[in-house]
Amino acid sequence: MNGDRGQAGSITVQADVILHAVNSDLVPHPDKSRSTSGPGYVQELLKDEQGLVFGKEYLLDGRVMENNHVDHQRGSSCVPRSDAPLASNHAAGAQQSSEIHDGGRSKMPNDVLVSACASSRAKSDTVGSVLQSALDCQVGGQDGGHGSSKTETDLVIEVGGQTIKAHKSVLAEKSDYFKARQSRNILKVKGVTYKTLSTLIEYIYTSRMNVSKDNVVDVITGAKILQVPCAVQAAMDSMSTQITAGNCYEVLTIAKKQRLSELKETTYGFMSDNFLQIFKDPAVYGRLTGSERDLILKKRMDGRRTLMVAEINDVFDRVGSRPPSRCGSRPQSPLSVGSLEESHMIYYFNEAEDDWRPLTTMPEDINTKGCGICTMYNYLFVAGGIKGHGDKGKVSDRVFCYNPLTNHWAEVKPLNQARAQLKLVSMDGYLYAIGGECLFTVEKYDPRTDRWTNVAPLPKGAFAVAHEATACSGELYVSGGSLFYRLLKYDAKRDEWQECPYNNSRKRSSDMVAFKSFLYRFDVNREEGITVVKYNTIVKMWQDCAAQKPGNHSPFRCAVVGNHVYCVNKSKTLKFVVEEENAYFHEEPLAAPLESKGLLFPFVLTLPERSDNKAT
């Protein structure tokens with residue numbers, strides 16, 4: 001073998017060179033009739049499975065991604081560059097297709113990669129000879145270019161009628177099986193196939209694990225037989241990066257059969273992180289047990305609920321007198337009112353530091369003026385709105401959702417009818433798009449079928465634009481009216497709207513939220529301060545609740561976190577505490593986002609426990 005090498009140390013081979021040559025599963029034997037070093041051969045090796053595309057994906061700065069899968073780099077050499085992913089079926093979530101594990105060797109220079117590849121492939125047609133070349137070059141590089149007798153193979157492994165040449169000391173370092181048989185020069189191995197053993201020996205030499213859902217069972221079984229525990233972990237780690245919406249159920253099945261609890265939990269975690277994709281796929285969600293469905297949803301909702309705000313553009317002053325509208329009893333149309341500067345940031349509140357931090361940028365396609373916003377299944381949904389200004393404004397039917405666990409935006413099924421100034425509310429696993437300017441229709445979105453359907457419309461003559469909407473105890477409540485305050489209730493079981501007792505106030509509330517079986521209405525008046533009244537949805541009665549002394553109170557929007565109602569605007573954030581027998585405003589207001597623009601719409605999501613955006 002030394003004779004074939006020419007001058008010692010003249011070829012330096014990186015581990016990447018031998019990866020595909022070792023595993024005949026991963027690289028098809030080239031046809032003698034065609035070249036194995038041209039670009040076409042490389043492109044065939046580097047073909048990637050297409051991942052399941054869920055709607056339209058966006059970058060964090062709001063730009064649209066052309067695809068939500070990783071397009072692996074292709075080159076003209078017969079092996080991938082060391083800075084490019086190896087050929088595999090990795091999907092979008094794969095950060096790396098190969099990972100350095102325990103005992104991994106150091107990387108070698110890249111400048112001789114192509115020449116080393118050609119020389120190695122020409123001279124070596126067996127696993128043993130390729131591994132020999134790799135070790136020769138590794139030791140040769142360490143010896144400053146001088147040959148060493150230490151690189152000669154001293155073990156012949158017989159498996160499935162084929163042989164592999166290797167080095168006892170290298171195998172013994174990782175495998176107790178080979179360590180216990182170092183006295184043998186020829187070793188017959190049973191219980192594993194040639195392909196599986198090749199993959200494992202490749203890993204022992206290079207610390208790179210090449211597995212897929214097609215061979216992971218054999219590789220893990222072989223690693224247990226040959227007593228290579230680090231290979232078991234490496235195979236699970238590699239598979240964890242290859243999980244996609246299309247193969248997650250197969251990976252879960254493998255993990256269950258092999259009793260790989262870590263891989264199983266990783267797969268459940270992927271399903272939880274990408275819940276809407278899994279939820280609407282009957283081939284996956286339909287095959288999960290009831291307890292598994294509860295588990296992935298629970299994992300998604302677990303964690304500390306975090307207060308957030310989205311910058312939006314509203315279309316009229318929410319409190320006090322408003323300019324006369326074109327339709328008499330409704331607020332002035334946003335199509336004829338100039339809007340504030342476009343704002344598209346989302347912030348989250350760090351309670352421990354008492355400050356706001358940026359989370360993500362809303363995509364450019366979202367129309368923040370007159371849109372509807374709500375959360376469901378720990379996703380943020382933004383629907384409808386107005387694109388453009390003045391007479392050129394156009395009402396939108398588009399719907400977007402933000403996943404805080406993957407930090408990705410996607411577009412889902414559009415509304416049946418374009419809407420502006422709509423109210424978007426989630427209840428019992430459905431979204432409800434309620435009304436809009438001069439609209440009485442109501443739509444319901446089912447995320448499992450990805451479809452909007454019409455439900456009972458608002459009563460005719462109720463109000464041209466709904467003021468507030470919320471869900472309480474399985475029923476929708478919508479407020480509105482100009483001459484006096486009205487409250488409507490939607491019964492989903494009967495698919496009908498009912499009139500509720502109205503409050504004496506003739507003014508529009510700042511916001512209305514639900515907590516337990518009560519609705520809390522917040523009225524802001526510059527002379528009287530903030531007044532809170534609550535409605536008991538069981539006994540159907542209004543009563544005074546609390547008040548905040550007069551002051552410079554600006555209109556705000558509310559969100560509920562635990563038993564706290566946060567009242568948010570650009571100048572400050574008030575905290576309203578609801579206790580069993582009492583309710584009151586916290587004495588000290590909280591901070592407000594310093595750089596925010598437009599109006600702030602508060603909502604609540606659960607953030608993952610990560611160092612980059614950890615919610616405390």
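Is Ser482 buried, exposed or partly exposed? At 33% relative accessibility, Ser482 comes out as partly exposed. Before I go on, remember that what we're looking at is a predicted model. So, where is this serine? Ser482 sits in the loop that connects strand S19 (475-480) with strand S20 (486-491). If you measure C-alpha to C-alpha, Val465 is 9.6 Å from Ser482, and the two are 17 residues apart in sequence.

Now for another serine, Ser272. That one is in helix H12, residues 261-273, and it's buried, with a relative accessible area of 2%. What does Ser272 touch, once you leave out residues up to four places away in sequence? The list is Ile296, Lys299, Arg300 and Leu405.

Staying with helices, have a look at H9, residues 216-225. The buried residues there are Val216, Val219, Ile220, Gly222 and Ala223. Looking down the axis of H9, you find them within an arc of 160°, so they line one face of the helix. What do those buried residues pack against? Three helices: H8 (194-206), H10 (229-240) and H11 (248-257). And after H9 comes Gln227, with a positive phi, near 60°.

Okay, on to the strands. S24 (residues 529-536) and S25 (residues 541-548) are an antiparallel pair with seven bridges. One partnership to pick out is Val532 with Ala546 in S25. The hairpin these strands make has four residues between them, and Lys540 has a positive phi there, near 60°.

Further along, there's an open sheet of four strands, in the order S26-S27-S28-S29, paired antiparallel. Which strands stand at the edges? That would be S26 (557-561) and S29 (583-585); each has a single partner strand, so one side of each is left without a neighbour in the sheet. From one strand to the next, the twist averages 20°. Within that sheet, S27 (residues 564-568) and S28 (residues 573-578) are joined by five bridges, and Cys567 stands opposite Leu574 in S28.

Since I've mentioned a cysteine: how many disulfides does a search of the whole structure find? Zero. Take Cys558, which is in no disulfide; its nearest cysteine sulfur belongs to Cys567, 3.8 Å away. The cut-off for a disulfide is sulfur atoms within 2.5 Å, so that pair doesn't make it. Cys558 is buried at 8% relative accessible area, while Cys545 is partly exposed at 22%.

Last topic, the aromatics. The count comes to 20 aromatic pairs. In one of them, Tyr490 and Trp497 have ring centres 5.1 Å apart with planes at 45°, so that pair is tilted. Tyr490 is buried at 2% relative accessibility, and Trp497 is buried too, with a relative accessible area of 13%. Then there's Phe522 with Phe585, an edge-to-face pair at 6.5 Å centre to centre and 75° between the planes. This one links distant parts of the chain: Phe522 is in strand S23 (residues 518-525), Phe585 is in strand S29, and they're 63 residues apart. Both of these phenylalanines, Phe522 and Phe585, are buried.

And which residues do ring pairs link into a cluster? Phe518, Tyr520, Phe522, Phe556, Phe576 and Phe585. That's what I have for today, thanks.

Terms used: Residues numbered from 1 in each chain as written. Predicted model: local features only at pLDDT ≥ 70, side-chain atom pairs only at ≥ 80, totals over all residues. Heavy atoms only, no water. Buried < 20%, exposed > 50% of the residue type's maximum accessible area, 1.4 Å probe, protein only. Contact = heavy atoms within 4.5 Å. Arc of directions from axis to C-beta. Pairing = 2+ DSSP bridges. Axes fitted to C-alpha atoms, helices over the stretch in contact; angles between N-to-C directions. Phe/Tyr/Trp six-rings, centres within 6.5 Å; stacked < 30°, edge-to-face > 60°.
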